[in-house]
Amino acid sequence: MEKKHRSVWIGVGVGLGIGLLLIAAWIGFLALFVARSYEFVTSEDGRMSYGVCDFRKDAFCIGPEWDGGDLSFEIPDEFMGLPVTKLGGYTGRGYPCPFAARVNTQEADFVCDDEFFDFHHSEDDDYETLVFSLHMGKNVRSFDGVDGKMYGGKDLENGECDFLYKVVYSFTVDEENETFYAENGRLYYKANGELIEEFFYE
């Protein structure tokens, strides 16, 4: 009888030990996941937003934040001491943050891609073209999500859309960038001279 009780307690102890090991492993995994995640950060002047990760020791650029002022922006070599290596990415648990110029004005209450625009616009739409001048730093090597062909507008009471602006880009690139170069404001791959078609250009 005593042996039976001992074997039961041994089984319980083994089960608890395994359970505690699994919990510790799960906590370790979560801690590592959080450490490897990118955090959303806005520059001190509020004009650019980034994803930063101390664990990975790099950052990605989410894009300009425009509120009606100057349309010239710089994607720097570094942000918060970390090299800016990508345009677009994911923050937190995987929230997508594609690279795009964000227009933060009171006039517009939606943004849309070119497919939505093609379907809903009319021939007499009178919209403004916003030309964002972007200088790209030397460390950008890739894209991880780009919304470079966007329109902004206002919803009307009759269910129609009033398109207010079209976002276009004009690039310059640091000469030391090994992946991209710009010509006449357009962005190209250095490896093959191929035009990057994810953007509206001036």
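Modeller: Let's start with a term: a strand is a DSSP run of E that holds at least two residues, with numbering from the N terminus. In this predicted model, strand S6 covers residues 82–87, and Lys86 has its place there.

Biologist: Lysine carries a charge, so to speak, in every textbook. Why is Lys86 called buried?

Modeller: The cut-off for buried is under 20% relative accessible area. Lys86 has 17%, so the value falls under the cut-off and the residue counts as buried.

Biologist: And which residues does Lys86 contact, leaving aside neighbours within four places in sequence?

Modeller: Tyr38, Ala59, Phe60, Cys61, Val140, Ser142 and Asp144. Each has heavy atoms within 4.5 Å of Lys86, which is what makes it a contact.

Biologist: Now to Ser43. Where does Ser43 lie?

Modeller: You will find Ser43 in a loop, with strand S1 (39–42) on one side and strand S2 (48–53) on the other.

Biologist: Is Ser43 buried or exposed, and how do you know?

Modeller: Its relative accessible area is 12%. Buried means under 20%, so Ser43 is buried. Not counting residues up to four places away in sequence, Ser43 touches Met48, Tyr50 and Phe79. Pro64 is 21 residues away from Ser43 in sequence, with 9.9 Å between their C-alpha atoms.

Biologist: What makes Glu183 partly exposed?

Modeller: Glu183 belongs to strand S15 (residues 180–183) and has 44% relative accessibility. Partly exposed is the range between under 20% and over 50%, and 44% sits in that range, so the label follows. From Glu183 to Val173, 10 residues apart along the chain, the C-alpha separation is 9.1 Å.

Biologist: Why does Asp118 count as exposed?

Modeller: Exposed requires over 50%. Asp118, a residue of helix H2 (114–120), reaches 52%, so it counts as exposed.

Biologist: Which residues gather with Asp118 in a patch of negative charge?

Modeller: Asp113, Glu115 and Asp147 join Asp118 in that surface patch. Asp and Glu count as negative, and like charges are joined within 9 Å.

Biologist: Thanks! One last thing: how many helices and strands does the protein have?

Modeller: Two helices and 16 strands. Of its 202 residues, 36% count as buried. Among contacts between residues at least 6 apart in sequence, 65% join residues at least 24 apart. The accessible surface comes to about 12,600 Å², and carbon and sulfur atoms account for 53% of that.

Key. Residues are numbered from 1 along each chain as its sequence is written. This is a predicted model: local features need pLDDT of at least 70, side-chain atom pairs count only at pLDDT 80 or more; totals for chains, interfaces and linings use all residues. Side-chain values use heavy atoms; hydrogens and water are left out. Patches are made of residues with over 30% relative accessible area and no salt bridge: like charges are joined within 9 Å, nonpolar side chains (Val, Leu, Ile, Met, Phe, Trp, Tyr) within 5 Å. Accessible areas come from the Shrake-Rupley method with a 1.4 Å probe; for residues, only the protein chains shown count as cover. A salt bridge is a side-chain nitrogen of Lys or Arg within 4 Å of a carboxyl oxygen of Asp or Glu. The place of a charge is taken as NZ of Lys, CZ of Arg, CG of Asp or CD of Glu. Helices (H or I, at least four residues) and strands (E, at least two) are DSSP runs, numbered from the N terminus. Buried means under 20% relative accessible area, exposed over 50%, partly exposed in between (1.4 Å probe, protein chains only).
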